[in-house]
Amino acid sequence: LAMGHLPDADFLRSFDSSPSDAAMMLRLQGLETSRSLVAGWTLISQLVRIVFSSTHSMRKFKRRVMSGREPPFEPTGGRVIRLCGAYSFTTNVSLNRHGSHLLPVFEDPGRVSHLVSDDKRLEPVYWHVGSDMYGDKTAWSPLSLNHRWLLRGKGGRYLFLVEADITDPEDPLSLGHTAPGDMEFIDACIAFRVLMEEMRLKQSTSFRPFRVVLGDSMQVFESGGGS
């Protein structure tokens, strides 16, 4: 009983075999069928939308990874940034050995897209900075530098290691010259300065900047003053 009412008598309708009741039952069954169809198609449309959104997001993520615009995952145990110019054969070998502990920076992602392997879990492998953007902080800020990028040195001191590969990209063992389009030494100096400033601004951990140039020790470079 609910509030003094008899459910069967006051709320539930009993159908008999009259034509009007038969027509009413048909309409009710039609409405029930329509509701089931609408609910089913709504569920299917939501599933299709989820699949489409996931596929679209994955394609967008892959495009960003291939173009070097997707920031790398948070490092564990430190990470080395290496400026590579347009291409670096040496870095190809280093990536096979050190993996995610090395972040190469290339000027032309189209030449290094093969570094993103299809048979592995898709993840950012390199970063892209244009040849005229090394001094632009906006080219580096998406990396979100923090203490996790620092390497632990002897005595517990932290190091921020940035390398520059200025060797011939096709023949890293050649001496006395560099091929056109290689990483310029002056660009490496500019990038060193900007990255060190970014690291100092992003975290408070005391660290020592460590710069390494991979190149020919006999090669002569001219400063801006011509010396």
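**Close-up views of a predicted model**

Arg 82 is tucked away in this predicted model: its relative accessible area is just 8%, and that makes it buried because the cut-off for buried is under 20%.

**View 1. Arg 82 and Glu 163 pair up in a salt bridge.** The side chains of these two residues meet at 2.7 Å, N to O. Arg 82 belongs to strand β1 and Glu 163 to strand β5, so their pairing ties together parts that sit 81 residues apart in sequence. Glu 163 counts as buried as well, with 11% relative accessibility. Elsewhere, salt bridges with shared partners join Lys 137, Arg 193 and Glu 197 into one network. A search of the whole structure turns up six salt bridges.

**View 2. Arg 148 reaches Glu 74 through a salt bridge.** Here the closest N and O atoms are 3.5 Å apart. This pair links distant parts of the chain, 74 residues apart: Arg 148 sits in the loop between β3 (127–128) and β4 (151–152), while Glu 74 is in the loop between α2 and β1. How buried or exposed is Arg 148? It counts as partly exposed, at 41% relative accessibility. Glu 74 is partly exposed too, at 43%.

**View 3. Glu 70 and Arg 64 form another salt bridge.** Their side chains come together at 2.8 Å, N to O. Glu 70 is buried, with a relative accessible area of 17%, whereas Arg 64 is partly exposed at 34%.

**View 4. Thr 91 is a buried residue of helix α3.** Its relative accessible area is 0%. What does the side chain of Thr 91 make a polar contact with? The partner is the side chain of Ser 88, at 2.7 Å. Setting aside residues up to four places away in sequence, Thr 91 touches Arg 82, Cys 84, Leu 102, Pro 104, Phe 106 and Asp 165. You've already met Arg 82 as the salt-bridge partner of Glu 163.

**View 5. Asn 92 also lies in helix α3, which covers residues 89–98.** Asn 92 is buried, with a relative accessible area of 12%. Its side chain makes a polar contact with the side chain of Tyr 87, at 2.7 Å. Once neighbours within four places in sequence are left aside, Asn 92 is in contact with Tyr 87, His 114 and Leu 115.

**View 6. Helix α4 runs from residue 185 to residue 202.** Why should its 18 residues span 26 Å? The expected span is 1.5 Å times one less than the number of residues, and the end C-alpha atoms are indeed 26 Å apart, which agrees. Several residues of α4 are buried, among them Asp 187, Ala 188, Ala 191, Phe 192 and Val 194. Leu 195, Met 196, Glu 198 and Met 199 are buried too. And what covers the buried residues of α4? The cover includes the strands β1 (80–85), β5 (158–165) and β6 (207–214).

**View 7. Phe 15, Met 25, Leu 28 and Leu 31 make a nonpolar surface patch.** The patch comes to about 360 Å². Leu 28, one of its members, is found in helix α2, residues 19–66. With a relative accessible area of 41%, Leu 28 is partly exposed.

How values were computed. Residues are numbered from 1 along each chain as its sequence is written. This is a predicted model: local features need pLDDT of at least 70, side-chain atom pairs count only at pLDDT 80 or more; totals for chains, interfaces and linings use all residues. Side-chain values use heavy atoms; hydrogens and water are left out. Helices (H or I, at least four residues) and strands (E, at least two) are DSSP runs, numbered from the N terminus. Buried means under 20% relative accessible area, exposed over 50%, partly exposed in between (1.4 Å probe, protein chains only). A polar contact is a pair of N or O atoms within 3.5 Å; within protein, one must be able to donate a hydrogen and the other to accept it, and residues adjacent in sequence count only if both atoms are side-chain atoms. Contact means heavy atoms within 4.5 Å. Patches are made of residues with over 30% relative accessible area and no salt bridge: like charges are joined within 9 Å, nonpolar side chains (Val, Leu, Ile, Met, Phe, Trp, Tyr) within 5 Å. Accessible areas come from the Shrake-Rupley method with a 1.4 Å probe; for residues, only the protein chains shown count as cover. A salt bridge is a side-chain nitrogen of Lys or Arg within 4 Å of a carboxyl oxygen of Asp or Glu.
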